[in-house]
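User: I am new to this structure and would like to understand the words used for it. Could you walk me through them?

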Amino acid sequence: DIPQQDAMKEEVVTVANALVVPPPLDAPNAPQQRSGVFDANGDFVQASHLCRPHGYFNDVPDLPDPGDIEDLPGTWMFGGVLFGHFGHFLMDSMARAWAYGDLKGKIDGIVFTPKTNGGNPENMFKVQTPLLRALGLDADIRMLRAPTRIETLHVPWQGLGIGSGWELGTPAFRRYMRGNAGGAIAPKGPE
């Protein structure tokens, strides 16, 4: 079991020349996958794990061939794994949203890796983007399907999770949601 204090922290790790590795293209949809962030030395950034009480959803991937790596200049935030399943979207994909409150205006956008890199993740991204916006993530949002070297990447630890008590989230996560979720949605209908 992973102790909650080792998974959910109100901390952001800043990584220069970070390498974001999504799951392999056309890998099968599985209950666990291999993806995450490496630093410039090739060390896995532990904050990029998606933790569950009994293990990690995403395990350390293999380093990609240098010829397969794309470049993304600027400063970005790692959003984590983007899920199509609504419950996992809320509990897993939004787990790092809390850090956007402090990073807004200081980053070029937010990057996610897909839960699975096979099938049609672009359609899932198209469906989930309005939800990300409704929950306050109003920056440029990208889903990385290829290994990508990012000039500067802020990797927040998760502030929410699936597990006994993890569903309450950290105080920073709760503050972010109270202050941002639905804030850009104009009310309609009679007074």
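Analyst: Happy to help; we will take the sheet, its helices, a pocket and a few residues in turn. Please keep in mind that this is a predicted model.

User: What is the strand order of the open sheet, and what kind of pairing does it have?

Analyst: The sheet has six strands in the order 3-1-10-7-8-9, and its pairing is mixed. The twist averages 45 degrees from one strand to the next.

User: What makes strand 3 and strand 9 edge strands?

Analyst: Strand 3 (36–38) and strand 9 (140–143) each pair on one side only. For strand 3, one partner is strand 1, joined to it by three bridges in the antiparallel sense. Within that pairing, Leu19 has Phe38 of strand 3 as its bridge partner.

User: How do you know that strand 7 and strand 10 count as paired?

Analyst: Pairing asks for at least two bridges between the strands. Strand 7 (residues 70–82) and strand 10 (residues 148–156) have six bridges, so they count as a pair, and the sense is parallel. One place to look is Leu72, whose bridge partner in strand 10 is Ile150.

User: And how many bridges join strand 1 to strand 10?

Analyst: Eight bridges join strand 1 (residues 12–21) to strand 10, and these two run antiparallel. With a cut-off of at least two bridges, they therefore count as paired as well. Val13, for example, has Val155 as its bridge partner in strand 10. A nice spot to find on the model is Thr152 in strand 10: Ala16 stands opposite Thr152, and Thr75 stands opposite Thr152 too.

User: Which strands does helix 4 lie across?

Analyst: Helix 4 (residues 121–134) lies across strand 7, strand 8 and strand 9, and runs at about 150 degrees to strand 9. Helix 2 (residues 86–93) lies across strand 7 and strand 8 (109–114), at about 120 degrees to strand 7.

User: Which residues of helix 2 are buried, and what do they pack against?

Analyst: Phe89, Met91, Asp92 and Ser93 are buried in helix 2. The buried residues of this helix pack against strand 4 (51–52), strand 7, strand 8 and helix 4.

User: Why is Met77 called buried?

Analyst: A residue is called buried when its relative accessible area is under 20%. Met77 has 1%, so it is buried. Met77 is found in strand 7. Leaving out residues up to four places away in sequence, Met77 touches, among others, Tyr100, Leu103, Ile107, Val111 and Leu153. Its C-alpha atom is 8.8 Å from that of Phe112, although the two are 35 residues apart along the chain.

User: What makes Thr113 buried?

Analyst: Its relative accessible area is 0%, which is under the 20% cut-off, so Thr113 is buried. Thr113 lies in strand 8. Apart from neighbours within four places in sequence, its contacts include Val21, Pro22, Pro23, Phe78 and Met143.

User: Why is Asn180 called partly exposed?

Analyst: Buried means under 20% and exposed means over 50%, with partly exposed in between. Asn180 has 26%, so it is partly exposed. Asn180 lies in helix 5 (residues 171–180). Not counting residues up to four places away in sequence, Asn180 touches Ala134, Leu135 and Gly136. As for Pro66, it is 114 residues from Asn180 in sequence and 39 Å away in space, C-alpha to C-alpha.

User: What is there to notice about the phi of Asn17?

Analyst: Most residues other than glycine have a negative phi. The phi of Asn17 is near 50 degrees, a positive value in a residue other than glycine. Asn17 has its place in strand 1. With a relative accessible area of 40%, between 20% and 50%, Asn17 is therefore partly exposed.

User: Which residues lie nearest the centre of the largest pocket?

Analyst: Val21, Pro22, Pro23, Pro24 and Pro147 do, out of 15 lining residues. The space in this pocket is about 220 Å³.

User: How does the lining divide by residue type?

Analyst: The lining has ten nonpolar residues, one polar and four charged. Pro and Val count as nonpolar, so the five residues nearest the centre are nonpolar.

Terms used: Residues numbered from 1 in each chain as written. Predicted model: local features only at pLDDT ≥ 70, side-chain atom pairs only at ≥ 80, totals over all residues. Heavy atoms only, no water. Helix = DSSP H or I, 4+ residues; strand = E, 2+ residues; numbered from the N terminus. Axes fitted to C-alpha atoms, helices over the stretch in contact; angles between N-to-C directions. Contact = heavy atoms within 4.5 Å. 1 Å grid on protein atoms, 1.4 Å probe; cavity = no way out; pocket = protein on both sides within 12 Å on 5 of 7 lines; lining within 4 Å. Points joined across faces, edges and corners; volume = space filled by probe spheres on them. Buried < 20%, exposed > 50% of the residue type's maximum accessible area, 1.4 Å probe, protein only.
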